[in-house]
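Student: I have a structure open and I'd like to learn how to read its charged side chains. Can you walk me through it?

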Amino acid sequence: MSSPAAQVRSRVPRIASAAVEKARLSVVPRARTRAAKVPFVTLVSLILIGGVVGLLLFNTSMVQASFAASALEEQATSLAAREQTLQMELEDLRKPDRVAAEAQDMGMVPPTAPTFLTLDGRVLGEKLPALPENKLNLSPPTPIKPEILSPEPTIVKVFAEPEPVTKAGKSARNAKNAKRNTQARKRR
């Protein structure tokens with residue numbers, strides 16, 4: 001019988017030769033496989049188109065917001081002007097002169113002597129009725145205009161006489177007009 005070590009030794013070259021045969025390298029033709037270009041190009045195109053559409057929508061919304069903001073600013077300006085107008089009207093309505101004039105138009109007059117009521121119900125002061133003769137003159141009379149501010153009008157009469165037009169006639173007519181003008185000035 002053979003020893004187990006001898007058996008292993010005889011088997012090893014056989015296994016090794018089989019492995020060498022299997023492991024022999026040979027040139028294999030290269031299989032050319034390319035990634036498909038159509039899906040990639042489609043994806044990039046869709047991303048670009050989506051970006052452009054997104055930018056257009058964003059720009060449109062910004063323009064609409066700008067129009068809305070300018071409309072609101074105009075409305076705020078008109079409301080501020082309206083508030084100022086109403087404030088001025090309110091101030092005019094609260095003027096003491098106007099209130100007093102309307103009170104007099106309704107027949108109200110100021111009392112001649114004031115009376116006071118105390119907390120316990122007593123009347124202090126003299127009770128006198130307010131009479132229309134006691135009303136105040138709220139509108140002062142118009143002042144008289146001085147005579148110097150309203151002079152009488154100056155009337156200048158110009159006389160025109162028909163004369164033949166000649167060189168000698170022109171100079172004579174000019175002399176007459178100058179004489180009349182100086183007389184009119186002296187009369188003033």
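Tutor: Sure. Let's start with a term: a residue is called buried under 20% relative accessible area, exposed over 50%, and partly exposed in between. Keep in mind that this is a predicted model.

Student: Okay, let me try that on Lys37. Is Lys37 buried or exposed?

Tutor: Lys37 counts as exposed, because its relative accessibility is 64%. You'll find Lys37 in helix α2, which covers residues 37–93.

Student: Which residues gather with Lys37 in a patch of positive charge?

Tutor: Arg30, Arg32 and Arg34 do, and together with Lys37 they make up that patch on the surface.

Student: What about charges of opposite sign?

Tutor: The general idea is that side chains of opposite charge can pair when their charged atoms come close. In this structure, a search of the whole model turns up three salt bridges.

Student: Let's go through them. Which residue does Glu102 meet in a salt bridge?

Tutor: Glu102 pairs with Arg98, at 2.7 Å from N to O.

Student: How are Glu102 and Arg98 placed along their helix?

Tutor: They sit four residues apart in helix α3 (residues 96–105), so about one helical turn separates them. As for accessibility, Glu102 is partly exposed because its value is 38%, and Arg98 is partly exposed too, at 29%.

Student: And which residue forms a salt bridge with Asp92?

Tutor: That's Lys95, and the closest N and O atoms of the pair are 3.4 Å apart. Asp92 has 40% relative accessibility, so it counts as partly exposed. Lys95, with 46%, is partly exposed as well.

Student: Then there's Arg122. What is its partner in a salt bridge?

Tutor: Asp120, with 3.1 Å from N to O. Try the cut-offs on this pair: Arg122 is at 49%, so it counts as partly exposed, while Asp120 is at 56% and therefore counts as exposed.

Student: Now zoom out for me. How many helices and strands are there in the protein?

Tutor: Four helices and two strands. Going along the sequence, you read them as α-α-α-β-β-α.

Student: What share of the protein's residues count as buried?

Tutor: Just 2% of the 188 residues. The protein exposes about 18,100 Å², and carbon and sulfur atoms supply 63% of that area.

Student: And what about contacts between residues that are far apart in sequence?

Tutor: Take the contacts between residues at least 6 apart in sequence: 28% of those join residues at least 24 apart.

Notes: Residues are numbered from 1 along each chain as its sequence is written. This is a predicted model: local features need pLDDT of at least 70, side-chain atom pairs count only at pLDDT 80 or more; totals for chains, interfaces and linings use all residues. Side-chain values use heavy atoms; hydrogens and water are left out. Patches are made of residues with over 30% relative accessible area and no salt bridge: like charges are joined within 9 Å, nonpolar side chains (Val, Leu, Ile, Met, Phe, Trp, Tyr) within 5 Å. Accessible areas come from the Shrake-Rupley method with a 1.4 Å probe; for residues, only the protein chains shown count as cover. A salt bridge is a side-chain nitrogen of Lys or Arg within 4 Å of a carboxyl oxygen of Asp or Glu. Lys and Arg count as positive and Asp and Glu as negative; His and the chain ends are not counted. The place of a charge is taken as NZ of Lys, CZ of Arg, CG of Asp or CD of Glu. Buried means under 20% relative accessible area, exposed over 50%, partly exposed in between (1.4 Å probe, protein chains only). Contact means heavy atoms within 4.5 Å.
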